Amino acid sequence: MWVRSTLTYRASFAMTAFGGLVVTGLDFVTIVLMFSRVDVLGGYSLPEVAFLYGLSATSFGLADLAIGSADRLGRRVRDGTLDILLVRPAPVLAQVAADRFALRRIGRVAQGSLVLGYALIASDIAWTPVKALMVPGMLVCGGAIFSAVFVAGAAFQFVAQDASEVQHAFTYGGQTLLQYPPTVFGKELVRGVTFMFPLAFVNWVPAAYVLGRPYPLGGLPRWAAFAPPLVAVGCCAAAALAWRAGLRSYRSTGS
């Protein structure tokens with residue numbers, strides 16, 4: 001219904017999608033401006049940073065397109081309109097994801113894909129069949145990991161009721177963090193997003209293998225680059241448990 005509504009005004013949709021592409025592209029313009037003053041950033045060249053950026057931006061864009069509407073859950077909890085979703089013969093999470101589905105978010109996916117395409121052409125990567133297969137795998141797994149973060153944030157809103165900005169700190173904030181090389185951050189932060197909050201498996205760890213660079217943390221086993229599917233499954237399972245717990249605790253407005 002929301003897609004049909006959006007496409008009713010095709011010119012408006014095209015302009016808003018293109019506007020989203022341009023606005024999100026300003027993040028990469030900032031990185032390009034940095035490289036107008038330096039040759040490397042944290043030991044990474046512009047094409048290598050573009051590779052990290054493209055992976056994180058595209059993965060996040062896919063998750064935002066699919067489940068980004070979950071950040072509205074807090075409003076429904078506060079005003080009681082979540083009850084409407086509970087009585088419908090459809091999974092609540094699917095309804096939350098479809099709530100005011102914004103097809104214009106495809107602009108973010110397109111912008112990330114363009115940067116990733118540039119990085120794949122400009123980077124000096126010794127390609128092998130395994131590395132070539134890892135790129136689409138990273139996008140799928142990264143999208144799943146970010147989707148799990150969206151769902152976990154939505155589950156937290158059952159308790160906090162007004163925590164969309166907290167959720168954004170981990171979703172939008174996490175995506176911004178991953179745009180830059182891990183070498184520009186402190187080791188404690190890198191450890192945190194590797195072991196406690198495993199966003200590093202969206203791009204930092206597998207991209208290090210593709211680029212032929214050392215892992216962001218010493219001591220990681222060689223097979224860590226191939227762990228994103230396992231991490232994605234684990235994150236989705238944890239998010240599903242959090243969602244079920246949050247939904248069961250819901251007692252309608254005024255509780």
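Biologist: Which helix supplies the largest share of the lining of the largest pocket?

Modeller: In this predicted model, the largest pocket encloses about 270 Å³ of space. Helices α8 (129-160), α9 (164-178) and α12 (228-249) each contribute at least two residues to its lining. The largest share amounts to six residues, and the helix that provides them is α8.

Biologist: How many residues of the lining of the largest pocket are charged?

Modeller: The pocket is lined by 15 residues, and the closest to its centre are Ala148, Val149, Ala152, Gly153 and Phe197. By class, the lining divides into 13 nonpolar residues and two polar ones, and the number of charged residues is no more than that division leaves: no charged.

Biologist: Is alanine 70 buried or exposed?

Modeller: Alanine 70 is located in the loop that runs between α3 (46-67) and α4 (73-79). Buried means under 20% relative accessible area. Because the relative accessibility of alanine 70 is 0%, this residue counts as buried.

Biologist: What distance separates the C-alpha atoms of alanine 70 and glutamine 167?

Modeller: Leaving aside neighbours within four places in sequence, alanine 70 is in contact with Val96, Phe150, Ala154, Gln157 and Gln167. Alanine 70 and glutamine 167 stand 97 residues apart along the chain, and their C-alpha atoms are separated by 9.8 Å.

Biologist: Which class describes the aromatic pair of phenylalanine 185 and tryptophan 204?

Modeller: The structure holds nine aromatic pairs. In the pair of phenylalanine 185 and tryptophan 204, the ring centres are 5.8 Å apart and the planes make an angle of 35 degrees. Planes under 30 degrees apart count as stacked and those over 60 as edge-to-face, the rest being tilted. The pair is therefore classed, by its 35 degrees, as tilted.

Biologist: Why does the pair of phenylalanine 185 and tryptophan 204 tie together parts that are apart in sequence?

Modeller: Phenylalanine 185 is partly exposed, with a relative accessible area of 24%, whereas tryptophan 204 counts as buried at 2%. Phenylalanine 185 belongs to the loop between α9 and α10 (187-196) and tryptophan 204 to helix α11 (residues 204-211), so the parts joined by the pair are apart in sequence by 19 residues.

Biologist: Which residues do ring pairs link into a cluster?

Modeller: Phe150 has already appeared among the contacts of alanine 70. Ring pairs also place Phe150 in a cluster, whose members are Phe60, Phe146, Phe150 and Tyr172.

Biologist: Over the face of which residue does arginine 213 lie?

Modeller: The charged end of lysine 131 sits over the ring of tyrosine 209, at 5.8 Å from its centre. Arginine 213 is placed 4.2 Å from a ring centre, over the face of tyrosine 44.

Technical notes
Residues are numbered from 1 along each chain as its sequence is written. This is a predicted model: local features need pLDDT of at least 70, side-chain atom pairs count only at pLDDT 80 or more; totals for chains, interfaces and linings use all residues. Side-chain values use heavy atoms; hydrogens and water are left out. On a 1 Å grid over the protein atoms alone, a cavity is a set of points where a 1.4 Å probe fits but cannot get out, and a pocket is an open set with protein on both sides within 12 Å along at least five of seven lines; lining residues have an atom within 4 Å of a point. Grid points are joined across faces, edges and corners, and a volume is the space filled by probe spheres set on the points. Helices (H or I, at least four residues) and strands (E, at least two) are DSSP runs, numbered from the N terminus. Ala, Val, Leu, Ile, Met, Phe, Trp, Tyr, Cys and Pro count as nonpolar, Asp, Glu, Lys and Arg as charged, and the others, Gly among them, as polar. Buried means under 20% relative accessible area, exposed over 50%, partly exposed in between (1.4 Å probe, protein chains only). Contact means heavy atoms within 4.5 Å. Rings of Phe, Tyr and Trp (its six-membered ring) pair if their centres lie within 6.5 Å; planes under 30 degrees apart count as stacked, over 60 as edge-to-face and the rest as tilted. A charge sits over a ring if NZ of Lys or CZ of Arg is within 6 Å of the ring centre and within 35 degrees of the ring normal.
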